[in-house]
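I had a chain to go through today and kept notes as I went. Here is the structure, followed by what I looked up.

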Amino acid sequence: MRKKTTLRLHRNVYIIITGIVLLAAAVQITNSEYLLQFNRNQNLTDTVQKWRPEEAKAAAASRSGPPFCLIYDPDDPEGYYEKINANAERVLEYMKRPVRQFDAETFRPEGCGAVVLSSAKLGLVDVAALADYVERGGYALITTTPNLDDAFYQLYRKMGIRSTGDYAAEHSIELTGNVLIGEQGLAMEEDFITNMSLRLELEDESRLLAQTASRVPLLWDHAYGQGKFMVFNGTMLQEKTNRGLIAGAISMLIPDFIYPVFNAKLMFIDDFPAPIADTIDRSIYDTYNRDRVHFFKEIWWPDMLKVAKQHGLEYTAVLIHSYTDQVQPPFAGPVDEDPAGLISYGREVIKSGGEIGLHGFNHQSLVTDSSVAAEFGYTAWDDAGDMAAAIRETVAFAAKAFPQYRLITYVPPSNVLSPEGREALKAAWPDMGIIASLYGEDATGLSYVQEYEIASDGILELPRVTSGYLELPFDRWAEANAMTSLGIFSHFVHPDDVLSAERSGNRSWEDLYDGFKNMQRRLNETYPWLRPLTAVEAGIEAERVLTSAVEWEREEDGTLNGTIQPFDGTSYYIFRTEKKINATSGCRSIRIDEGTYLIEAQKSKFSIHLGG
């Protein structure tokens with residue numbers, strides 16, 4: 001009988017086998033995560049192809065309730081008052097409140113849900129009629145510094161002013177109330193805060209919401225009779241960036257005020273994935289002992305993934321095919337294309353829950369005007385046909401890297417896009433459903449500036465508000481205003497900001513990284529209710545808001561009822577009230593600031609039951 005032999009493996013062999021099994025399991029999990037997110041893209045993009053511009057128009061036209069009566073002084077060659085009026089109208093449109101425009105001759109306050117007056121000349125309207133309207137329970141917002149004239153002296157005590165002096169140029173603001181949600185106490189002394197204000201003293205009963213560093217009141221409200229005045233003693237509301245002040249003032253002027261928001265936190269990475277030059281940058285090499293390729297692969301990208309995981313970000317990364325300045329065909333196979341980098345970085349973006357979008361064949365803005373292109377050091381395209389050919393090649397390039405993955409979001413290089421460039425994109429790329437450029441105004445007039453809306457051709461306009469790794473004062477201010485008026489944080493960065501002395505402020509990546517982490521930490525502390533979304537996800541949520549109408553009904557016991565039509569899923573609202581919320585039905589409330597709640601409507605009909 002043959003003796004059995006026992007095979008004994010060395011302990012190290014077991015360790016190796018175990019390692020191989022664990023590695024195989026990790027690879028399988030990684031692939032599963034990638035496939036899960038890949039399938040998610042398919043489901044989301046099917047929805048994108050069903051944008052409904054006609055329903056958005058219908059929803060805008062069906063706003064119910066007493067209208068907000070807007071009147072402005074047209075006697076202004078620079079259009080200052082017209083700009084304030086236009087900003088107020090757009091804020092109310094986002095709030096889904098009806099608006100009625102008046103001229104001075106036809107204006108009567110009867111029947112108005114509130115009056116918004118954009119004129120330094122208060123006598124543009126019948127001040128006695130306006131005062132009577134407020135005293136009987138109406139609400140009036142004065143949006144700019146008033147003139148010291150007879151009309152002012154008829155109204156100033158009713159508006160909560162005790163005494164007044166001369167005018168002064170002011171370049172600061174301190175929020176003494178939460179007119180911008182979550183930002184009470186925010187103080188800034190910056191050149192972009194520019195007001196010509198009256199030095200004045202308020203009545204004790206007036207509620208001060210904002211003042212200058214020298215304690216000149218900027219924004220306050222004052223009860224008069226059964227109604228209330230809200231006054232802005234400044235000249236900055238003509239700037240689009242300051243719309244949050246208008247939204248905050250309106251929502252605090254009218255009791256128990258509610259309006260829809262997007263509730264979205266977006267983070268774009270422009271120029272990524274993109275070809276990375278195999279060069280040595282002294283500032284990087286001296287610190288990290290790596291060339292550019294290995295710095296981005298081994299330092300920058302792992303750091304970005306770490307921030308996303310720690311602070312709840314879903315990146316929308318928009319790719320570049322080439323960094324050549326080529327604007328004439330053929331476009332296939334540019335000398336610097338990097339399919340391996342696209343696949344590697346792209347898969348990690350998708351696996352992390354992010355989205356891949358398109359920035360362009362190269363970084364030449366889609367314009368045929370050579371003077372516009374020259375402003376950025378770019379080369380103008382000859383015609384829309386060449387633009388379309390280049391875009392078509394890049395979409396095909398991405399399709400090879402991610403078969404069946406559909407690119408939806410476009411970010412224009414340098415945020416510049418001409419009408420012919422927009423048409424070229426549509427012709428070459430039928431899946432394009434979103435354009436994400438800029439929300440803020442551009443003094444040069446060159447940028448593609450957007451509102452949040454569905455264009456008549458079915459493309460969703462989804463602008464970005466802020467940018468950079470560091471929280472600079474202007475971006476902090478723009479963010480706070482967008483959060484209050486729209487409930488959205490939409491931000492972008494570039495991988496190569498660290499390579500640009502101008503964009504980095506000569507700071508190292510370590511400094512930029514710390515700044516980026518601190519920004520995200522502060523954002524989450526101020527707005528913990530925000531949902532991290534990709535551009536496509538946010539586009540779907542924005543379309544839901546834009547295409548729905550809401551009817552409001554107030555019961556005698558203080559209950560506020562809302563009816564959403566059509567109802568396509570959970571919707572979000574900001575609700576301002578000085579009362580206690582006793583109960584809710586069809587929705588839930590989350591306190592996000594003093595007297596301020598996020599309402600999450602889970603049914604088409606929902607109610608908020610208020611106490612004293």
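**Notebook: overall build, backbone oddities, charges**

*Entry 1: the whole chain.* First reminder to myself: this is a predicted model. I looked up the secondary structure and got 16 helices and 28 strands. Next I asked what the radius of gyration is and how it sits with a compact globule. The protein has 28 Å, and for 612 residues the globule value would be near 25 Å, so I noted that the two agree. For the extents, I took the C-alpha trace along its principal axes and wrote down about 110 × 70 × 50 Å.

Then burial. Of the 612 residues, 56% count as buried. The accessible surface comes to about 26,300 Å², and carbon and sulfur atoms hold 50% of that. I also checked how far along the sequence the contacts reach. Taking contacts with a separation of 6 or more, I found that 74% are between residues 24 or more positions apart.

*Entry 2: cis peptide bonds.* I went looking at omega. The bond from Phe272 to Pro273 is cis, with omega near -10°. I placed Pro273 in the loop that runs between β13 (264-270) and α7 (282-288). Gln565 and Pro566 are also joined by a cis peptide bond, and omega there is about -10°. Where is Pro566? I found Pro566 in the loop between β23 (560-565) and β24 (571-576).

*Entry 3: positive phi.* I turned to phi and stopped at two asparagines. Asn289 is not a glycine, yet its phi is positive, about 55°. Asn289 belongs to the loop between α7 and α8 (292-311). I asked whether Asn289 is buried or exposed. Its relative accessibility is 53%, so I put Asn289 down as exposed, the cut-off being over 50%.

Asn506 has a positive phi as well, near 60°. The loop this time is the one between α14 (501-504) and α15 (509-526). Asn506 has 67% relative accessibility, so Asn506 goes down as exposed too.

*Entry 4: charges and salt bridges.* I counted charged side chains and got 58 positive and 86 negative. The centres of the two sets lie 11 Å apart. How many salt bridges are there? The count comes to 39.

I opened a few of them. Lys57 pairs with Glu54, and their closest N and O atoms are 4.0 Å apart. Both residues lie in helix α2 (residues 53-61), three residues apart, which is about one turn of the helix. Lys57 is partly exposed, because its relative accessibility is 48%. Glu54 has 54%, so I listed Glu54 as exposed.

Next I looked at Glu203 with Arg157, where the closest N and O atoms are 2.7 Å apart. This pair links distant parts of the chain, 46 residues apart. Glu203 is in the loop between β8 (195-202) and β9 (207-211), and Arg157 is in the loop between α5 (150-155) and β5 (161-170). I wondered which class Glu203 falls into, buried or exposed. At 13% relative accessibility, Glu203 counts as buried, since the limit is under 20%. Its partner Arg157 has 45% and counts as partly exposed.

The third one I opened joins Arg162 to Asp204, with the closest N and O atoms 3.2 Å apart. Arg162 lies in strand β5 and Asp204 in the loop between β8 and β9, so this bridge ties together parts that are 42 residues apart in sequence. I noted Arg162 as partly exposed at 30% relative accessibility. Asp204, at 64%, counts as exposed.

I also wrote down a network of salt bridges. Its members are Arg90, Glu93, Lys240, Arg243, Glu451 and Glu453.

*Entry 5: one glutamate in a helix.* Last stop was Glu541, which lies in helix α16 (residues 535-546). Its relative accessibility is 14%, so Glu541 counts as buried. What does Glu541 touch, leaving aside its neighbours within four places in sequence? I found Arg531, Leu533 and Thr570 in contact with Glu541.

Technical notes: Residues numbered from 1 in each chain as written. Predicted model: local features only at pLDDT ≥ 70, side-chain atom pairs only at ≥ 80, totals over all residues. Heavy atoms only, no water. Helix = DSSP H or I, 4+ residues; strand = E, 2+ residues; numbered from the N terminus. Buried < 20%, exposed > 50% of the residue type's maximum accessible area, 1.4 Å probe, protein only. Salt bridge = Lys/Arg side-chain N within 4 Å of Asp/Glu carboxyl O. Rg over C-alpha atoms; globule rule 2.2 N^0.38 Å. Contact = heavy atoms within 4.5 Å. Areas by Shrake-Rupley, 256 points an atom, 1.4 Å probe, with all protein chains shown as cover. Lys, Arg positive; Asp, Glu negative; His and termini not counted. Charge placed at Lys NZ, Arg CZ, Asp CG, Glu CD.
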